[in-house]
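Work through the exercises below with the sequence and the structure at hand, trying each task before reading its solution.

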Amino acid sequence: MRNHPRIAIAIAVSLLLLGILYVWRRSSSVVEVNSGYRMVMGTFSRVVVIARGEKTAQRCIEAAFEVQDRIESLMSDYQDDSELSKVNREAATRPVAVSEMTFEVLQKAVYFNKLSDGAFDVTVGPLVDLWRKAGEAGEPPTEEALAQARRRVGSDKLILDEKNRTVRFAVEGMRLDLGAIGKGYAADKSMEAMKKHGAIGGMAAIAGDIRCFGRPPRGQEYWRIGLQDPNVAPNDLGPSKPLLVLALTNEGVSTSGDYRRFVKIQGPKVSHIVDPHTGKGASKLASDTIIAPDATLSDALSTAVNVLGLEKGLALIERLPATAAILIPAEPGASLVYSRGARAFVVTTQEALGLPRE
Ligand code: ADP
Ligand code: MG
């Protein structure tokens with residue numbers, strides 16, 4: 001009889017320890033949390049986090065969207081009070097000081113401009129505006145207007161002062177447009193934020209710009225990214241019938257094309273991507289997908305390759321280490337074109353998906 005209280009205490013303590021162990025295991029077991037879509041930068045953004053514990057995962061999601069919102073508030077050209085809008089208003093008259101992030105993006109943009117032989121150019125603003133207005137008016141711009149806009153375009157006219165972290169325009173009427181690099185950059189920064197808050201894997205997808213890293217979802221060896229068929233993607237939330245599936249580990253992947261965003265002026269549609277050399281809409285590719293070590297690079301390169309077209313675009317990708325491209329030529333019914341390294345990323349082909357192409 002004297003032992004009974006001791007046994008009871010021992011059982012109670014064991015149960016308590018088991019309970020603590022159970023709660024601890026639950027809170028530290030690996031979970032996968034999908035944020036669902038949110039509107040960022042005028043488009044749909046989603047993150048997936050792999051982390052130990054629900055709380056950590058939620059913190060990572062919040063951190064990722066916080067950084068995306070911050071980047072939007074700095075680099076949006078729709079918000080009048082964004083840093084970029086201020087630069088566009090004032091940089092022709094004086095050097096404008098900017099945040100580290102904006103400066104970093106601009107430095108990279110100038111580098112990508114050189115890398116792509118001028119095909120990627122964040123100073124295309126005046127040309128983008130011209131074609132947007134032409135679309136609204138339903139009439140193509142005059143040669144005179146084109147020539148005038150082109151005089152205001154060129155990364156050589158963008159003066160970056162690293163020491164004072166300022167931006168200055170050499171010519172009046174210039175306008176920066178970060179539409180071809182901002183989403184990729186935000187996806188990369190989301191990944192950094194998620195890692196900082198304890199994620200062991202994750203993916204940030206802002207429209208067609210995606211960054212993934214670390215441990216993939218349970219039961220998968222890779223992050224699987226579907227590549228949409230440009231001919232069956234009528235709108236942003238359209239049917240997601242992938243043309244093929246890519247397997248990624250720690251890369252950025254971006255798709256550019258005229259199938260979602262374009263203006264229509266008397267006949268053929270004009271892409272929202274402009275060839276800075278001609279001042280006209282890029283028309284050589286229906287779409288192109290770039291896989292690169294990060295999404296800032298894949299975003300910029302997908303736009304550059306869209307401008308450069310098949311031969312020059314492929315040549316650029318083959319020249320760069322650790323990048324790959326899958327191109328869809330503009331001619332209806334054309335087969336996909338893969339760069340040398342691209343097939344290694346394809347896990348499910350069109351045939352396996354039961355699609356007729358290639
Ligand atoms: P999306 O924005 O549809 O993902 P991109 O990443 O290719 O596609 O970016 C296209 C946007 O970039 C255009 O809407 C325009 O704002 C801007 N842009 C257009 N042409 C160029 C260019 N040659 N270089 C850099 N930016 C461009
Ligand atoms: Mg891009």
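Two exercises follow, one on a metal site and one on a helix.

This is a predicted model, in which local features need pLDDT of at least 70 and side-chain atom pairs count only at pLDDT 80 or more, while totals for chains, interfaces and linings use all residues. Residues are numbered from 1 along each chain as its sequence is written, chains are lettered from A and ligands numbered from 1 in the order in which they are written, and side-chain values use heavy atoms, with hydrogens and water left out.

**Exercise 1.** Find which residues coordinate the magnesium ion (ligand 2).

*Solution.* Begin with the donors, which are N, O and S atoms within 2.8 Å of the metal (3.2 Å for Na, K and Ca); water is not among the atoms, so sites may look incomplete. Asp299 (O), Asp299 (OD) and Thr303 (OG1) coordinate the ion at 2.1 to 2.4 Å. Next, place these residues: both lie in helix α8 (residues 295-319), 4 residues apart, about one turn of the helix. Helices here are DSSP runs of H or I with at least four residues, numbered from the N terminus. Finally, Asp299 and Thr303 are both buried, that is, under 20% relative accessible area with a 1.4 Å probe and protein chains only.

**Exercise 2.** Check the span of helix α7 (residues 182-196) and describe its surroundings.

*Solution.* The expected span is 1.5 Å times one less than the number of residues, so the 15 residues of α7 should span 21 Å, which agrees with end C-alpha atoms 21 Å apart. Of these 15 residues, 12 are buried, among them Tyr185 and Met191. The buried residues pack against elements including α2 (54-75) and α8, where contact means heavy atoms within 4.5 Å. After α7 comes Gly198, with a positive phi near 105°.

How values were computed: Helix = DSSP H or I, 4+ residues; strand = E, 2+ residues; numbered from the N terminus. Buried < 20%, exposed > 50% of the residue type's maximum accessible area, 1.4 Å probe, protein only.
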